[in-house]
Amino acid sequence: MSITPFKRIHLVVMDSVGIGEAPDAASFGDKGADTFGHIAEEMGGLNMPNMEKLGLSNIRNIKGITPVEQPMAYYGKMKEVSVGKDTMTGHWEIMGLNIDQPFKVYPNGFPDELIRQLEERTGRKVIGNKPASGTGIIEELGEEHMKTGAIIVYTSADPVLQIAAHEEVVPLEELYRICEIARELTLSPEFLVGRIIARPFIGEPGNFSRTSNRHDYALKPFGRTTMNELKDSGFDVIAIGKISDIYNGEGVTESVRTKDNMDGMDRLAEVVKKDFHGLSFLNLVDFDALFGHRRDPIGYGKALEEYDVRLPEVLESLNEDDLLIITADHGNDPIHPGTDHTREYVPLLVYSPRFKGGKELPLRETFADVGATVAENFGVKLPENGKSFLSLLK
């Protein structure tokens, strides 16, 4: 190894912030997708001075963000090799896997056979069964649910099956059991769904609100990841935001919940000030959930600028033995037709206070290069996929 290992690596995934169509975008129906570029155009230029200094526009020119002569970070972009473009696939690949069996999405609702089995196993009828926003479908079907006891099933552009129920109609223990049944039913290749989510709510018609008793039933990653190797070797793996859910707790030593992007940056700032040895891993979900899927480029752009304002708190707290990696897990171009993710390259910015300046990194042929780099740094078993770029960081 050409450099002294870093004591801590902080990995930030800007959920869905792609940086231009991937070579295979057309096969995913995503020709022309460009999350960062299209947002910048719609905004009349993005104001992100901190990402600018790191070298964001050195990766490719983004309106409003100037390429810099001496970027602070090593910069480049990564290509996804797995056969999906969803959150779980992207994150699992980041930690060293190659997902060759895609999760399924259900833009027209779930198959009749799955719904029939769910009704038969749970003893409750299903209403809804369509893509919807969580708050919207509760307002639409909450009253019917309260009258009939039927559970509300819905999905999104992600491979998820969500089940909403009023806590006074379907007790939490029963809702969780229903979700466990749904998890069991959707493990087969026929229905393969990434996550089942319990979405309890309370209130009266016209005034419903979701409670904090949400529970996720994810799949375990299809193989061992770099996080497993770190945990088993005694290193810390601090999962911030929905990271623990994405990996179903695998390889996680501490889980920190977040409410939104700004809370995520708050929690990251706290973790950076902690004394630990290993990996902190943050997902910033609002970009995807609140703006990408809802095709809101202006809201997305403002969220990117708000995130940029918070970066100095993290950068200024880093030590010489800290490494910060900023990337994404897929695209979600808010100008693209539909509400699905988009197949794109993702940005890669790698910074440490010990660097004298950054340089361009060669194109990473798989997201798994991040997992390989983390593994090499801590001297644990390298993942089956990916090539470390640690030796390029000087």
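**Questions on a predicted model**

Reader: How many bridges join strand 12 to strand 13?
Author: This is a predicted model. In it, strand 12 and strand 13 run antiparallel. One residue of strand 12 to look at is isoleucine 325, whose bridge partner in strand 13 is valine 350. The number of bridges joining the two strands is three.

Reader: Which helix packs on the sheet and touches strand 1, strand 9, strand 10 and strand 11?
Author: Look for a helix whose direction makes about 170° with that of strand 11. Strand 11 covers residues 278-284. The helix spans residues 261-272 and is helix 10.

Reader: What angle does the direction of helix 13 make with that of strand 1?
Author: Helix 13 covers residues 368-378 and packs on the sheet. It touches strand 1, strand 2, strand 11, strand 12 and strand 13. The angle with strand 1 is about 170°.

Reader: Which strands stand at the edges of the sheet?
Author: Seven strands form an open sheet with mixed pairing, in the order 2-13-12-1-11-9-10. An edge strand has a single partner strand, so one side of it is left without a neighbour in the sheet. The edges are strand 2 (74-78) and strand 10 (254-256).

Reader: Which residues does the UniProt annotation "binding site" cover, and what is the largest C-alpha distance among them?
Author: The annotation comes from an unreviewed UniProt entry and covers Asp15, Asp329 and His330. They are spread over 316 residues of sequence, yet they cluster in space. The largest C-alpha distance is 7.2 Å.

Reader: Is aspartate 15 buried or exposed?
Author: Aspartate 15 lies in the loop between strand 1 (8-14) and helix 1 (35-43). Its relative accessible area is 0%. Buried means under 20%, so aspartate 15 is buried.

Reader: Which side chain does histidine 330 join in a polar contact of 3.4 Å?
Author: Histidine 330 lies in the loop between strand 12 (322-327) and strand 13 (346-351). It counts as buried, at 0% relative accessibility. Its contacts include Lys85, Thr87 and Asp15. The polar contact of 3.4 Å is with the side chain of aspartate 15.

Reader: What is the length of the polar contact between the side chains of aspartate 216 and arginine 214?
Author: Aspartate 216 sits in strand 8 (residues 215-218). At 11% relative accessibility, it counts as buried. Its side chain makes a polar contact with that of arginine 195 at 3.1 Å. With arginine 214, the value is 2.7 Å.

Key: Residues numbered from 1 in each chain as written. Predicted model: local features only at pLDDT ≥ 70, side-chain atom pairs only at ≥ 80, totals over all residues. Heavy atoms only, no water. UniProt positions renumbered as here; feature names shortened; annotations may be inferred. Helix = DSSP H or I, 4+ residues; strand = E, 2+ residues; numbered from the N terminus. Buried < 20%, exposed > 50% of the residue type's maximum accessible area, 1.4 Å probe, protein only. Contact = heavy atoms within 4.5 Å. Polar contact = N/O pair within 3.5 Å; in protein donor to acceptor, adjacent residues only side chain to side chain. Pairing = 2+ DSSP bridges. Axes fitted to C-alpha atoms, helices over the stretch in contact; angles between N-to-C directions. Lists of a residue's contacts leave out its neighbours within four places in sequence.
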